[in-house]
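Let us take a friendly walk through this model together, from the overall fold down to individual side chains. Keep the structure open beside the text as you read.

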Amino acid sequence: SDVKSTIPDFANCALLAKEAGYDGVEIMGSEGYLINQFLVSKTNQRTDEYGGSNFGNRMRLAVEIVKETRKACGLDFIIIFR
């Protein structure tokens with residue numbers, strides 16, 4: 001799905017930041033940005049594994065993005081999730 005294809009995009013951007021010499025990245029999951037729209041039941045009307053009334057499903061995208069970013073950048077890179 002299109003959702004799954006965005007996960008490596010986040011990780012790749014973080015890796016580019018690491019390669020450019022940054023100590024870490026901040027992944028924005030607040031203020032109405034894409035990830036926040038998945039977390040909030042009012043905006044997430046999906047019926048697949050990324051939506052529904054189950055909060056675990058709604059936060060799946062955020063968790064997968066952070067996991068993939070950690071995998072791509074390693075333990076020595078700061079990842080802040082807001």
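Accessible areas here come from the Shrake-Rupley method with a 1.4 Å probe. On that basis, the protein exposes about 5,300 Å², and carbon and sulfur atoms supply 55% of this area. Please keep in mind that this is a predicted model.

Start with the fold as a whole. The protein has four helices and two strands, and reading along the sequence you meet them in the pattern α-β-α-α-α-β. The radius of gyration is 13 Å, close to the 12 Å that the globule rule gives for 82 residues, so the protein is as compact as a globular protein of that length. If you turn the C-alpha trace along its principal axes, you will find spans of about 40 × 25 × 20 Å. Of the 82 residues, 30% count as buried. Contacts across the sequence are well represented too: among those with a separation of 6 or more, 56% come from residues 24 or more positions apart.

A good place to look inside is threonine 69, which sits in helix H4. Is this residue buried or exposed? Threonine 69 counts as buried, because its relative accessibility is 0%. Leaving aside residues up to four places away in sequence, its contacts are Phe10, Ala11, Ala14, Ile27 and Ile79. For a sense of distance, pick valine 40 as well: threonine 69 and valine 40 are 29 residues apart in sequence, and their C-alpha atoms are 22 Å apart in space.

Next, turn to the rings. A search of the whole structure finds one aromatic pair. Its partners are phenylalanine 38 and tyrosine 50, which meet edge-to-face, with 6.5 Å from centre to centre and 85° between the planes. Phenylalanine 38 belongs to helix H2 (residues 34-39) and tyrosine 50 to the loop between H2 and H3, so the pair ties together parts that are 12 residues apart in sequence. Both partners fall under the 20% cut-off for buried residues: phenylalanine 38 is buried at 10% relative accessibility, and tyrosine 50 is buried at 1%.

Now for the charged side chains. Side chains of opposite charge can pair when their charged atoms come close. How many salt bridges does the structure hold? There are four, and three of them can be followed here, including one between lysine 4 and glutamate 49, whose closest N and O atoms are 3.0 Å apart. Because lysine 4 lies in helix H1 (residues 2-19) and glutamate 49 in the loop between H2 and H3, this pair ties together parts that are 45 residues apart in sequence. Lysine 4 is partly exposed, with a relative accessible area of 40%, and glutamate 49 is also partly exposed, at 36%.

Helix H1 takes part in another such link, where the side chains of lysine 18 and aspartate 76 meet in a salt bridge at 3.1 Å, N to O. Lysine 18 lies in helix H1 and aspartate 76 in the loop between H4 and strand E2 (78-81), so this pair ties together parts that are 58 residues apart in sequence. Here lysine 18 is partly exposed, at 28% relative accessible area, whereas aspartate 76 is exposed, at 63%.

A further salt bridge joins arginine 46 to aspartate 48, with the closest N and O atoms 2.6 Å apart. Arginine 46 is partly exposed at 29% relative accessibility, and aspartate 48 is partly exposed at 31%.

Let us finish on the surface and in the loops. Phe55, Met59 and Val63 form a nonpolar surface patch, with about 240 Å² of accessible area together. Within this patch, methionine 59 occupies the loop between helix H3 (55-58) and helix H4 (60-73), and its relative accessibility of 32% makes it partly exposed.

One last stop concerns the backbone. Most residues other than glycine have a negative phi. Glutamate 31, however, has a phi near 55°, a positive value in a residue other than glycine. You will find glutamate 31 in the loop between strand E1 (24-27) and H2, where it counts as exposed because its relative accessibility is 58%.

Terms used:
Residues are numbered from 1 along each chain as its sequence is written. This is a predicted model: local features need pLDDT of at least 70, side-chain atom pairs count only at pLDDT 80 or more; totals for chains, interfaces and linings use all residues. Side-chain values use heavy atoms; hydrogens and water are left out. Patches are made of residues with over 30% relative accessible area and no salt bridge: like charges are joined within 9 Å, nonpolar side chains (Val, Leu, Ile, Met, Phe, Trp, Tyr) within 5 Å. Buried means under 20% relative accessible area, exposed over 50%, partly exposed in between (1.4 Å probe, protein chains only). Rings of Phe, Tyr and Trp (its six-membered ring) pair if their centres lie within 6.5 Å; planes under 30 degrees apart count as stacked, over 60 as edge-to-face and the rest as tilted. The radius of gyration is taken over C-alpha atoms; the globule rule is 2.2 Å times the number of residues to the power 0.38. Contact means heavy atoms within 4.5 Å.
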